[in-house]
Each structure stands twice: as C-alpha cells, then as structure tokens.
Amino acid sequence: MSARTTPPFRADHVGSLLRPPTLLQARERHARGEIDDEELRGVEDEAIREVVKLQEEVGLQSATDGEFRRASWHMDFIYQLGGVSKVMDSSLKVAFHNEQGDIEFAPPSMHIGSRISLEHTIFGDAFQFLKGQVSGTTPKLTIPSPSMVHYRGGRASVDETLYPDMEQFWSDLVGAYAEEVRRLGELGCTYLQFDDTSLAYMNDPKQREHVAEIGGDREHQHEVYIRHINEALAHRPDGMTVTTHMCRGNFRSSWAAEGGYDFVAESLFSELEVDGFFLEYDDERSGTFEPLRFVPKGKQVVLGLVTTKRPELEDKDMLKRRIEEASRYVDLDQLCLSPQCGFSSTVEGNLLTQADEIAKLRLIVETANEVWGS
C-alpha cells in the first residue's frame, strides 16, 4: 500500500451535484431520440465546465464532474463491468423514508451471466475530460466500491452454474477493480473515492436481515466487504489517495437505513486500507461520534455535518461545536468537513435549488477555514 501524499481536503464534497435544467432537458430529449449521443455529450461537456468553475469559485480544492454523465451514482458503473447485465425487476424495491412518509423505489437490478471482467476503463473518458477542465484544483473521481456489486442482489443475482463458489465471484470482481484502479492511475487520477452505502447500511438491523435474505452473513458481511476492498486496492498506484464515502441512502431527499457506525466501527476504521472516511453525520440517524475512537493515526475523517437533503442552511457555530465534539474521539488535525452525501445521487436530485447547494458549499469552506486555517 502506497503512502498517502494528498490527504482529503479540509473542505470537500462527496461527488454528485445538482444537474442544471439544460442537462435534464437534454437527457429527456436523448431518451426520446430527438438528439443523438454526440449532441448530448456536448451539453454534458458544457455543464461540467460550469460545475467545475462553480466548485473552484466557492473555494474547494478538489472538483468532480458532478457525476453529470450518470443517471445513478453506482449502477452506471456496475453495468459497464463485463458479465453484468441490466434487469428490470419491480419486485426488488428499496424503501426510502423522509419526514413526509415513505417512498418505494424500484431501480433496475442486475444479473451476472458470464465471468466478470474489465472490458474498458470505466469512466476513463469522463475523468480525462474533468482533468482537462480543472485549474488549480485536484480532479476527483467517484466510483462504487466492489461491495455494491454484491449488495444489490447477492447470491440470487449471480449465475450458480458460472460461480458455484462465491469466492470465485469475488476473485474475478476484485481482479476487475484492481485493473480499473491501475488504469485510472495511468490516466493521472490521484484522488479516487469508493462510494459504499453497504458499510453504513450494515449498522441497521433491518439491513442485516436483508443481507441474510440475499445469501450473505448478517453478522460478518461487512468484514467480507472490507477484505475484498483491501484486495482491490492492494497494488494501487503510488501517489493515489483513496477515500470511501458511507451514507444510509440518498434519493430525492430520502434515506433507506439508520443507526450509528457502532456495529462496523472497529473493523471499518482499523482494517479498511483507505486514506480517509467520508461519514454521514447530519442528524440523529447517524448516531454519536463515539465510534471514531477506533480511527488510527494517519487516517482522515471527513465529517458530513451539512445535510444535502434539506435547503435550510446550518448554523456555523453549531458546526464548530460538532467538530469540537468529534475531536474528543479523534485528533482535530485528522478531521475535515463536507456535506453528508451528494446533492444528486441519482439524476432526479434532492429537493434543493442550485442556490441552496452553493450556499452550503460556501458554508463548508468558510467553516473549515475558520477551524483549521485557510
């Protein structure tokens, strides 16, 4: 494992940002066949130029492409793995919740019908375009962790005649991810983020029941995931910083799981070989900061104290008090600040405006500068 050369920045964000109306309209026209792939890409290119400029203007030191070329933060990656095909199964529903009630969402699922492989560098072109747009900021690429390929369908989504032993499945999946990480390094990616809701979901007893239902180990599945993520990153390129983001669901300002990080904390923080942890901490669903006592020296914790689910702007003094509270369990110099999740994990986006989004990003930068110095 290479040593960290660029730590997570004191003020950062998770990855996805609200799509502008022009991009949403172009996607709809593309779906109807009114514009072709080239025309859609031209609209995406312009939207990404603008969103990179936005991130730099608010004072962030890293920038993503807002995930503007995706409809889903994870499935757009997973479907590009060799051997994975899209399945429309309305029975595989995800229950999301918010203050107004429950939302049932049935996103497309998947089937693994041939050996998993990496047929091309997934999001490679997208990263190269992003890299060409930044000016003084570090381009960050976000991809789903290997765990997410298992968590969506488990044993039932994997052809048993192809993979009678799930360790064979994991071996191929880890191999594909290791090659993806290597290729991204060749393209100049120095800041890679593995997004992994499963490691946060596992804190919820109801989600552990789900894991058992899909053929996993309800008590130890998180340890299996951690082991395989480490294998995927074992030979990552020198100079590449890798973080992981863990939230409890993010769809149209709703969430899917609850519970503090206590169940996974000891294994997660002491065994997962990443440089930093983006953690959701915007409300009581996230529990206390006490699990941070397991974070070792040399690892960064990015506190997701600013919600992306509601437009109301947080109080800066409250944010500072919560950072101080977290510093009782892990040194202040290991802490950073970010939103609790993306602003638009799916193309639909959360129930905020771009002005709300900008205000929250500015608040994060201003607070971080006052706590740690600009």
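**Exercise 1. What span should the 21 residues of helix 6 have at 1.5 Å a residue, and how far apart are its end C-alpha atoms?**

Before the solution, note that this is a predicted model, in which local features need pLDDT of at least 70 and side-chain atom pairs count only at pLDDT 80 or more, while totals for chains, interfaces and linings use all residues. Residues are numbered from 1 along each chain as its sequence is written, and side-chain values use heavy atoms, with hydrogens and water left out.

Step 1. Helices (H or I, at least four residues) and strands (E, at least two) are DSSP runs numbered from the N terminus, and helix 6 covers residues 166–186.

Step 2. The expected span of a helix is 1.5 Å times one less than its number of residues, so helix 6 should span 30 Å, and its end C-alpha atoms are indeed 30 Å apart, which agrees.

**Exercise 2. Describe the two ends of helix 6 and the surroundings of its buried residues.**

Step 1. At the N-terminal end, aspartate 165 acts as a cap, with a side-chain oxygen 2.9 Å from the backbone nitrogen of glutamate 167; this is a polar contact, meaning a pair of N or O atoms within 3.5 Å, where within protein one must be able to donate a hydrogen and the other to accept it, and residues adjacent in sequence count only if both atoms are side-chain atoms.

Step 2. Just after helix 6, glycine 188 has a positive phi of about 100°.

Step 3. Buried means under 20% relative accessible area, exposed over 50%, and partly exposed in between (1.4 Å probe, protein chains only); the buried residues of helix 6 include Phe169, Trp170, Asp172, Tyr177 and Glu180.

Step 4. Taking contact as heavy atoms within 4.5 Å, the elements against which the buried residues of helix 6 pack include helix 3 (75–78), strand 5 (109–117) and helix 9 (221–233).

**Exercise 3. At what angle do helix 2 and helix 12 pack, and which residues make the contact?**

Step 1. Two packed helices are described by the angle between their axes and the distance between the axes. Axes are lines fitted to C-alpha atoms, for helices over the stretch in contact, and angles run from 0 to 180 degrees between N-to-C directions.

Step 2. Helix 2 (residues 37–58) packs with helix 12 (residues 354–372) at an angle of about 40°, their axes being 9 Å apart. That makes helix 2 oblique to helix 12, given that angles under 35 degrees count as roughly parallel, over 145 as roughly antiparallel, 65 to 115 as roughly perpendicular and the rest as oblique.

Step 3. Helix 2 contributes Leu54, Glu57 and Val58 to the contact, and helix 12 contributes Gln354, Ile358, Leu361, Arg362 and Val365.

**Exercise 4. Where does threonine 367 lie, and is it buried or exposed?**

Step 1. Threonine 367 belongs to helix 12 and is buried, with a relative accessible area of 0%.

Step 2. Its side chain reaches the backbone oxygen of leucine 363 at 2.7 Å.

Step 3. Not counting residues up to four places away in sequence, threonine 367 touches Lys316, Leu319, Lys320, Ile323 and Leu337.

**Exercise 5. Where is glutamate 67 found, and what is its phi?**

Step 1. Glutamate 67 is in the loop between strand 1 (62–63) and helix 3, where its phi is near 60°, a positive value in a residue other than glycine.

Step 2. Glutamate 67 is also buried, at a relative accessible area of 2%.
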